[in-house]
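Student: I have a model open and I'd like to learn how to read its helix packing. Can we walk through it together?

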Amino acid sequence: MPESRQSDLTPQSNNFPITDRIYSLIEMRRNRDPVDILQMFEAFPEPVRQSLLKGMQHLQFTDGCTGGCPWCSFDVKRKITSGFDFESFTQFATKYAKYLPERVALYWASDPFDISGNRQDGTSYDYDDVVSALIPHLRREQKIYTSTTVPKGTEAIVVKLLQHLQDVSKRDITLYNDTSLHTVRFSITDSNKETVYSIKRQLYTLGLDAKYIEGQFRVAKEVNEETIKKLGKFIRHPERQVISRDSMTVACYDGVLTTPDGLYSIYMDMATKNNPYGYGLKKLDPTDRVQEIPTYRDALNYLSESVAEKILNGSEDVVMPAVEIDRKDTHSGESLETVVLPSLRRDALTFFYALTALGLLPESVSPQAQNSLRYMKTELEKRYAIATSQFSSEIDEEAKFVIKPLWKALSEKLNAFLSSFDS
Ligand code: SF4
C-alpha cells in the first residue's frame with residue numbers, strides 16, 4: 001500500500017485489517033466519477049422542486065454496491081463507478097435538505113458505507129462526513145436512516161459514524177431518549193457476523209453508552225445463509241411462497257428517488273416474476289411538459305406492527321392506499337390532476353400488509369379497534385372489486401394469481417374477527 005495513503009487509513013488499519021484487496025476496494029470507491037447533484041436537481045424548474053423534494057426519501061449517493069448480501073434482490077453491479085460529489089451535495093443539503101421527508105436515506109440498491117470520494121482540495125471523505133454535512137440542515141424531526149451490511153474496509157467508518165451520532169443525539173436529551181433518531185440497522189449473515197460484532201465490541205471499548213449502543217445497533221437479519229438462499233427473496237426459487245414475505249417489495253416508499261443517473265418516480269408493489277423487484281420506476285425528465293410525481297407514502301406506516309397498533313388505537317388509516325400520481329405542470333408547478341394508478345401488484349401488497357397486521361392482533365379487542373376493523377373491511381372490499389375489474393386487461397398473470405389467495409385469507413380472517421364481535 002502506498003505510504004501516502006497510510007495516514008489517511010490509520011483508524012481503519014489500527015483496528016481492522018487492510019489487505020491489498022481491501023485497499024483496492026477503498027481506491028475504487030474513492031476514484032469513481034463525480035456527479036453534480038445540485039445541477040441535476042436544479043435542471044427541474046423552481047416551481048416543481050418543492051414537490052420533488054417532498055417525496056425524496058432516498059438519495060442514492062453512489063451507484064453499485066460492494067456489500068454482497070446473499071438475499072440481495074437488486075440487480076446491482078459490484079463496482080462503484082459514479083456518485084455525487086461532496087461539494088455539490090453540501091450545497092444541495094444547505095438549500096434543500098429541510099424540505100425532504102422525515103425519513104432520509106443516502107442509499108438505494110447500494111450500501112451507504114460505499115460512499116467515499118475525494119473533495120476538490122484532494123482530501124478524502126466518507127459516509128460519516130456526508131452525514132455531518134447533512135445534519136445541520138435538517139429539521140428537528142427529520143431522521144437519517146442507515147442500513148448496512150458493512151462493506152469490507154469500512155468498519156472504522158461505521159465506528160466513527162456511531163460515535164458521531166451519539167454525540168449529536170446527546171446534545172438534546174429528549175432526542176437521546178428517542179432511539180429511533182438517526183437509526184443504524186445492520187444486516188447480518190454468516191459472512192459478516194464477526195465483523196459486525198467486532199464493531200459492537202469496539203464501541204464498548206471506546207466507552208459509548210450501553211443504552212445508546214443497544215438502542216442504535218439494530219439487526220435486520222441474523223440467519224443462516226442456507227436459510228436465506230432457500231427462503232429469501234428469490235423470485236424464481238421453486239419453494240417460494242407467493243403470498244408470504246418471499247414476494248414482498250424491497251421498496252419502502254412511494255415518492256421520488258434521486259440517483260447519480262437522474263431522478264425517478266417510484267412506487268411500491270408486490271414482486272412477481274414479471275416485476276422481480278416489487279416496485280415501479282419511471283425516470284423524470286426536466287424537459288417534459290408535465291411531471292408525474294407519486295404522493296409520498298412511507299411503508300413504515302403500513303407494515304404489520306404499525307397497522308396492528310393503529311387498529312388497536314381505532315385509527316382509520318389502516319389500509320395502504322393505491323398509488324396516487326400528481327400530474328404537475330413543469331413550468332408553473334400547478335397541479336393538473338391527481339390520478340390513481342391501477343396496479344394489481346399494489347393491491348396485492350396492500351392485502352399482504354393488512355393480513356400480516358391481523359395476525360398480530362389479540363383475540364379480543366376494544367370497541368374502537370372493532371370500528372377500525374370494520375372500516376378496514378369496507379376499504380378492502382372496494383379495493384378487491386376494483387382489482388377484479390382489471391383482471392381482463394392485466395398481463396401479469398402472477399399478479400392475478402397472487403391476489404386471489406391473499407384476498408381469500410384476508411376476508412376469512414376479517415370475517416372471523418368481525419363475526420366474533422357481532423355474535
Ligand atoms: S447492501 Fe443492498 S444493494 Fe448491497 S448487496 Fe446488500 S441488499 Fe444488495
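Tutor: Sure, burial comes first: a residue is buried if 20 or more other C-beta atoms lie within 10 Å of its own, exposed if 12 or fewer, and partly exposed in between, with C-beta atoms placed from the backbone. This is a predicted model, where local features need pLDDT of at least 70, side-chain atom pairs count only at pLDDT 80 or more, and totals for chains, interfaces and linings use all residues. Residues are numbered from 1 along each chain as its sequence is written.

Student: How many of the 15 residues of H14 are buried?

Tutor: 13 of them, so H14 is mostly covered. Helices (H or I, at least four residues) and strands (E, at least two) are DSSP runs, numbered from the N terminus.

Student: How do I describe two packed helices?

Tutor: Use the angle between their axes and the distance between the axes. Axes are lines fitted to C-alpha atoms, for helices over the stretch in contact, and angles run from 0 to 180 degrees between N-to-C directions. Here, the axes of H14 (residues 344-358) and H15 (residues 367-389) come within 10 Å and cross at roughly 155 degrees. H14 and H15 are therefore roughly antiparallel (under 35 degrees counts as roughly parallel, over 145 as roughly antiparallel, 65 to 115 as roughly perpendicular, the rest as oblique).

Student: Which residues of H14 and H15 meet?

Tutor: Contact means C-beta atoms, placed from the backbone, within 7 Å. From H14 you get Leu344, Asp347, Thr350, Phe351 and Ala354, and they meet Met376, Leu380, Arg383 and Ala387 in H15. By class, that contact has six nonpolar, one polar and two charged residues (Ala, Val, Leu, Ile, Met, Phe, Trp, Tyr, Cys and Pro count as nonpolar, Asp, Glu, Lys and Arg as charged, and the others, Gly among them, as polar).

Student: At what angle do H13 and H14 pack?

Tutor: About 65 degrees, with the axes of H13 (residues 304-312) and H14 8 Å apart. Ser304, Val307, Ala308 and Ile311 of H13 touch Tyr353, Ala354, Thr356 and Ala357 of H14. Those residues divide into six nonpolar, two polar and no charged.

Student: What about backbone oddities?

Tutor: Most residues other than glycine have a negative phi. Valine 150, not a glycine, has a positive phi of about 60 degrees. Valine 150 sits in the loop between strand E8 (146-148) and helix H8 (155-170), and is buried, with 21 other C-beta atoms within 10 Å. Alanine 109 has a positive phi of about 50 degrees, but is partly exposed, with 19 other C-beta atoms within 10 Å.

Terms used. Contact = placed C-beta atoms within 7 Å.
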